[in-house]
Each structure stands twice: as structure tokens, then as C-alpha cells.
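Me: I want the reasoning behind the labels on this structure, term by term. Show me the model, then I will ask.

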Amino acid sequence: MRLGIDLGTTRTIVAVHDRGNFPIVSFSRPDGDLVEHYPTITADVGGKLVHGLEAEAAERDGAPSLHSWKRLLHHTRQDEPLVIGSVEVKPIELVTSFLEALRRDLFERSNVAGIMTESLECVVSVPANSHSTQRFVTLDAFKRAGFSVRAVINEPSAAGIEYAHRHKSTLSSRREHVIVYDLGGGTFDAALVHIANGHHDIELTSGVALLGGDDFDAQLCAMALEMAGRTFPTSSQARADLLRECRAAKESIHPNTKRIVLDLSALGDDAPEQPIVVPIADFYERVRPLVLETLEALEPIVTALRDEEQIGGDLAGIYMVGGATGLPVVPRVVRERFGRRVHRSPNPAAATAMGCAILAADERDRGTSLVSERFTRHFGVFREADSGDRSVFDAVFPKGTPMPESSGEPIVALRQYRAAHNIGHYRFVESAYVDEAGDPIGDMTPHAEIVVPFEGDAPQESPVGRLHGEGPRIEERYEVDAAGVIAVTITNLDARRAAKFVL
Ligand SMILES: Nc1ncnc2c1ncn2[C@@H]1O[C@H](COP(=O)(O)OP(=O)(O)OP(=O)(O)O)[C@@H](O)[C@H]1O
Ligand SMILES: [Mg+2]
């Protein structure tokens, strides 16, 4: 069975390939309702973690829970545990056990249970601005949970694939570019996708790592509390209930809605006697800055289009996907800026998963992979310069470096030098931007640190000493595979000793 899986911040969506179609999987809730998503929620039930539909139900019964943990993967280091109720769990273990539950529920409580096969070949998506650790954790967790992963692709590429599949006619030799605008639960991603001859190439990406539907819920909640003269409840149960109520109210807003009615019963004894009525215009005014923030993040892409006349002329459209574009003010503000070129997906929450499934079903020769991806951030290492007086950033794989094709050879970068110290200390980072001197600026993610002895064997204990040009010759060999996972092998060429690290 071939599947596409979009591990979303709030909702995980699965699409399958079934005789040329790509239906979205529905799951049955414990109460029997069918939903076309699997909640990305984990709860602690008596010291044991439960996930998805079970977690959603447990949370309603008062179990401590964690929502939107995908956001935390962007910041948390791999060895730093997350806390859910009484349970501490490492990120990789959390994602693995969530995916094990998803796999089980595909077999036990989904509408495709009857056609499931033991081997599940999937394409999975990650946010375009994910750093290598996040990609690695995702890939590794899917494998550990028993999925066979054909590819890890960027979410906007997946949406671009779905657009190309759905709107073949708007694409032509003169219109080969699509801007994907993806506003999900936790992140905003934008990408300029070039589509030609069945190939998809991400030319430029942009986004806001922490902006999504969750923030609209929080604003609605804050507004209602202000109007009621109440403060945010301290109990995490009350907070979760309140946010759930606000989210449900937000999701039921349609273009003709005039006011939002919230009863704030989650506040318990402190709940106001009358429901709170928020005029829709006030709510829209309040969240407008959030939408404007997405437009600002689109600017680098728009500027690139303007600078390159021939690209600007061939824009097939701006494709709006992600559940949070369901709030009418979102497409409205985007249309104020871009007019009729804006197309909202008929199934905005599912476009990414469908794109993954379309790619998973692709039988083309692996030599001509459907997606060629690029580094969306600069990957590099801080090394000491001027005999250790200064550190300089070396962009090993600059932003825009093409990723290897899914079946292709890894891409390699080499560095050779004479060690200046008896110990090599490498701090790897990824960065969205670098300045003119090549130093990382803005959003930067430190994601690994390794220490290698160049002389003797005890790195931590022995003090760092300078070698004054007499040090051994060192080679750093970087390899990046098609999933975007980077490994480095550091070899002491004189001592013929090598150590390999997956970053
Ligand atoms: N009809 C609707 N109106 C407004 N918002 C909606 C609607 N349906 C879903 N949403 C919002 O969409 C968000 C979830 O969108 P989606 O499923 O695309 O996100 P995700 O994939 O989980 O997150 P991300 O892409 O950030 O990882 C939630 O904030 C949800 O409240
Ligand atoms: Mg999403």
C-alpha cells in the first residue's frame, strides 16, 4: 500500500493511493463519529502515553495532554525530554510512539482497514524550514514505527504536486510557477515551486516558524477573556478546554458570520453568567496583523518574481492550502494584495497529504525523481580562526544547494586543513540567512556539537592546547542523502583514524 502522510502540528492527515485515486483516510472516534484526520495530540493516561483519537478522548476526561508538539521539535534538542503529565519522553520516542498508534489505527479504526497491507510505503512531509535534526527525527521515527519511507519532502512541494495534479490546465509552457501559501495549525510556509515536465523544483522558500491557526485560537480566547474581565485560567485542564472551545467556534465561522458566541464554561465557577459575544469585525481586526505577517514573509518570493521578469510573467497562481486558510479573513486579506491569481484549495487541509500520496504512487524510474529539492537553509560549521581568537562560519552546504535525487548518490563536501588544536570542537548550525561576510544572521538553529581528539584519546579530560602549525592533517567529509540527513566523517589523515557522526 502506498500512502502520503502529512504529520501536521494539529492534525495528521493520511491519503492513500487506491486505483488511481488519492482519497483521504477517515478514522472513527470512540463515539463513532468519522473524521478525516488523526489528531496530533498525546495524553498521559495513568503513566502511559496514548495518542490521536484516544488522546483526544482521554483529554476530554481530564487526562494531561500535549498539543502541537511538532512545534517543539523545531527547538528542542534530541536529548532534551518533553514532559506530558507524569511522563518524560525524548522527542524521537514521542514521535515513534505516536506513529505506532497511527499505524495501528490505520488497521483497526480507519475506512481503509480492509485494503491495508503489511508493507506501508509512504512519502512523508516536513516543514520547508525544518532543520536537519528535525528531518532526521521524522524519518527515523517513521522507520521505527514500521513504515517504509520512500521520501521525505517539504510540505510546500507536496502541495505543489497536488496543485499540478489538480490544475494541469492552468500550467502551461508559459505558466510554470506556483506560489504555495500554507497556513497550518502551527506554521506558515511559503514556497515558489517550478513545475515542468512532471518535475517539481522548489526555487525559493520562506515562512514563519511559529505562526498558524493556534495563534488565531489564542487571540479569540484572549479577546473573550478581556471582554468578560477574566484572566487566563491557571489550570492546564481549563486552558485546554477554553482553547478547544475557541477553536471550535473559529472553525464554524463562515463568510456570513456576524458574531462569535462563546460561553466560557471552561472557567468553571468563574465563568460569566452570560455568553460572551465577539463581533466578527472586531475579531478580524484583531487577527489582521497575523495575516499581514504572512504577506510580509511572502515578500522575498514576490521580490524575486518582480526582479526576474520572465518568472513573474509565468506565475500560474498562488495556491492557498492549510486548514487555517478556512477562516474567511485569511483569503480576503491575501486577495486584497494579490487579486484573482489567488486560488484556495478545495480541500485545504488535505492538499499536502494528497501530494505526498501522488508522489508515493509515482512509478517512474527512480533515476528521474519527481521532486528535486534544495537546501532551504544554510548548513555550516563554526570553526576557530586566527589560532582560536575568532570563530568563523563555514557554510558547507549553502542555501539553494540541490538535494540528491531520491535514488541518487549523496552530495559530498570536503574540507582539509592542519589541526590548530589537539582537540577539534565543531558546532554545527543551520541558518535561514547569512550576511555579506558569510556569518549567520536571523533565525539560526544550533543542532549538533561534537568533540574529536586529534592527539591521544581522552577528549573531555585533556586541556585544549595549541599545536602551532604542527598538528595532524584533518579531513571533514560531509554527505547529505536524499532525505536531507547530513553525516560527517572526521578523519585524522596522519593517524589514519576516522569517526563518523550523523548530525
Ligand atoms: N473551517 C475552518 N476555519 C478556520 N480554521 C480552520 C478550519 N478548519 C481547520 N482550521 C484550522 O486549521 C488549523 C489546522 O490546519 P492544518 O491541518 O492544515 O494544520 P497542520 O498541518 O496540523 O499544521 P502545520 O502545517 O502547521 O504543521 C487549525 O488551527 C484549525 O483550527
Ligand atoms: Mg500542514
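Reply: Here is one sheet to start with. The model is predicted. Four strands make an open sheet, ordered β23-β26-β27-β28, with antiparallel pairing.

Me: Why are β23 and β28 said to stand at the edges?

Reply: Each has a single partner strand, so one side of β23 (411-418) and one side of β28 (497-502) lack a neighbour in the sheet. From one strand to the next, the twist averages 15°.

Me: How do you know that β26 and β27 are paired?

Reply: Count the bridges. At least two are needed for a pair. Strand β26 (residues 473-480) and strand β27 (residues 486-492) are joined by seven, so they count as paired. The two run antiparallel. Within this pair, Glu476 stands opposite Ile490 in β27.

Me: What holds paired strands together in general?

Reply: Backbone hydrogen bonds, in either a parallel or an antiparallel arrangement.

Me: What makes the pairing of β2 with β5 count?

Reply: The threshold is at least two bridges. Strand β2 (residues 11-16) and β5 have two, so the condition is met. Their sense is antiparallel. Arg11 stands opposite Pro39 in β5.

Me: Which sheet do these strands belong to?

Reply: An open sheet of five strands, in the order β5-β2-β1-β11-β12. Its pairing is mixed. β5 (38-39) and β12 (148-154) are at the edges: each has a single partner strand, so one side of each has no neighbour in the sheet.

Me: Now the ligand. Why is the approach of Thr10 to ligand 1 called a polar contact?

Reply: The cut-off is 3.5 Å between N or O atoms. A backbone N or O atom of Thr10 is 2.7 Å from an oxygen atom of ligand 1, so the pair qualifies. Gly323 also places a backbone N or O atom 2.7 Å from a ligand 1 oxygen. For Gly185 the corresponding distance is 2.9 Å. Protein covers 91% of the 660 Å² of accessible area that ligand 1 has on its own.

Me: What makes a residue part of the surroundings of ligand 1, and how many are there?

Reply: One heavy atom within 4 Å is enough. For ligand 1 there are 21 such residues, the closest being Thr9, Thr10, Lys250, Glu251 and Gly323.

Me: Which helix gives the most to that shell?

Reply: α7, with three residues. α6 (213-228) and α7 (236-251) each supply at least two.

Me: Where does ligand 1 rank as a pocket?

Reply: The space that ligand 1 takes is the largest pocket.

Notes. Residues are numbered from 1 along each chain as its sequence is written. Chains are lettered from A and ligands numbered from 1 in the order in which they are written. This is a predicted model: local features need pLDDT of at least 70, side-chain atom pairs count only at pLDDT 80 or more; totals for chains, interfaces and linings use all residues. Side-chain values use heavy atoms; hydrogens and water are left out. Axes are lines fitted to C-alpha atoms, for helices over the stretch in contact, and angles run from 0 to 180 degrees between N-to-C directions. A polar contact is a pair of N or O atoms within 3.5 Å; within protein, one must be able to donate a hydrogen and the other to accept it, and residues adjacent in sequence count only if both atoms are side-chain atoms. Accessible areas come from the Shrake-Rupley method with a 1.4 Å probe; for residues, only the protein chains shown count as cover. On a 1 Å grid over the protein atoms alone, a cavity is a set of points where a 1.4 Å probe fits but cannot get out, and a pocket is an open set with protein on both sides within 12 Å along at least five of seven lines; lining residues have an atom within 4 Å of a point. A molecule sits in a cavity or pocket if more than half of its atoms lie within 2 Å of its grid points.
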